[in-house]
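The following exercises concern a single protein chain. Each task is followed by a solution that proceeds step by step.

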Amino acid sequence: MFKKKLFWSILLFLDVVLFIEALSTNSISACIVVMIISETIYFKGNHILFGEFDTKRHAKREQYKKNCLKKRTLDHSSKSKEIGLK
């Protein structure tokens, strides 16, 4: 796993360097190469590089959704009770 993560990290670093070089030289061919490498990193290496982060972020997002839904339900029920009392 360490070797895979190292490989994708080095490839990402090289992609960033190539991106900066492509911008500074206005080279369209280098931009195309950067896009191809970036897509490869995103689709094949993202889970290796950022898998743990994505898992934690997804769990936090689900917890936030549950809390918002719970709060919305409580707010809605309290408003319904207020309307019923009047």
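A residue counts as buried when its relative accessible area is under 20%, as exposed when that area is over 50%, and as partly exposed in between. The model treated here is predicted.

**Exercise 1. Determine how many helices and strands the chain has, and what share of its residues is buried.**

Step 1. The secondary structure consists of two helices and zero strands. Helix H1 covers 2–25 and helix H2 covers 28–85.

Step 2. Of the 86 residues in the chain, 12% are buried.

Step 3. The chain exposes about 7600 Å², and 67% of this area is supplied by carbon and sulfur atoms.

Step 4. Take the contacts between residues at least 6 apart in sequence: 57% of them join residues at least 24 apart.

**Exercise 2. Find the aromatic pairs and classify their geometry.**

Step 1. The description of an aromatic pair rests on the distance of the ring centres and the angle of the planes. Searching the whole structure yields two such pairs.

Step 2. Phenylalanine 7 and tryptophan 8 have ring centres 5.1 Å apart and planes at 75°; the pair is therefore edge-to-face, since planes over 60 degrees apart are classed that way.

Step 3. Tryptophan 8 has a relative accessibility of 11% and therefore counts as buried. Phenylalanine 7, at 46%, is partly exposed.

Step 4. For tyrosine 42 and phenylalanine 43 the centres are 5.1 Å apart and the planes stand at 80°, so this pair is edge-to-face as well. Both tyrosine 42 and phenylalanine 43 are exposed.

**Exercise 3. State which residues form the nonpolar surface patch and which helix gives the most to it.**

Step 1. The patch is made of Leu12, Val16, Phe19, Ile20, Leu23, Phe50 and Phe53. Together these residues have about 650 Å² of accessible area.

Step 2. H1 and H2 each supply at least two residues. The greatest contribution is that of H1, with five residues.

Step 3. Valine 16 serves as an example from helix H1. Its relative accessibility is 41%, which means that valine 16 is partly exposed; membership of a patch requires over 30%.

**Exercise 4. Describe the surroundings of leucine 18.**

Step 1. Leucine 18 belongs to helix H1 and is partly exposed, its relative accessible area being 25%.

Step 2. Apart from neighbours within four places in sequence, leucine 18 is in contact with Ala30, Val33, Val34 and Ile37.

Step 3. For one of these partners, alanine 30, the C-alpha atom is separated from that of leucine 18 by 7.2 Å, although the two residues are twelve apart along the chain.

**Exercise 5. Identify where asparagine 26 lies and what sign its phi has.**

Step 1. Asparagine 26 is located in the loop between H1 and H2.

Step 2. Its phi is near 55°, a positive value in a residue other than glycine. Most residues other than glycine have a negative phi.

Step 3. With a relative accessible area of 68%, asparagine 26 is exposed.

**Exercise 6. Count the disulfides.**

Step 1. A disulfide is a covalent bond between the sulfur atoms of two cysteines. The criterion applied is a pair of cysteine sulfur atoms within 2.5 Å.

Step 2. By this rule the count is zero.

Step 3. Cysteine 31 is partly exposed at 28% relative accessibility, and cysteine 68 is partly exposed at 27%.

Key
Residues are numbered from 1 along each chain as its sequence is written. This is a predicted model: local features need pLDDT of at least 70, side-chain atom pairs count only at pLDDT 80 or more; totals for chains, interfaces and linings use all residues. Side-chain values use heavy atoms; hydrogens and water are left out. Patches are made of residues with over 30% relative accessible area and no salt bridge: like charges are joined within 9 Å, nonpolar side chains (Val, Leu, Ile, Met, Phe, Trp, Tyr) within 5 Å. Accessible areas come from the Shrake-Rupley method with a 1.4 Å probe; for residues, only the protein chains shown count as cover. A salt bridge is a side-chain nitrogen of Lys or Arg within 4 Å of a carboxyl oxygen of Asp or Glu. Helices (H or I, at least four residues) and strands (E, at least two) are DSSP runs, numbered from the N terminus. Buried means under 20% relative accessible area, exposed over 50%, partly exposed in between (1.4 Å probe, protein chains only). Contact means heavy atoms within 4.5 Å. Rings of Phe, Tyr and Trp (its six-membered ring) pair if their centres lie within 6.5 Å; planes under 30 degrees apart count as stacked, over 60 as edge-to-face and the rest as tilted.
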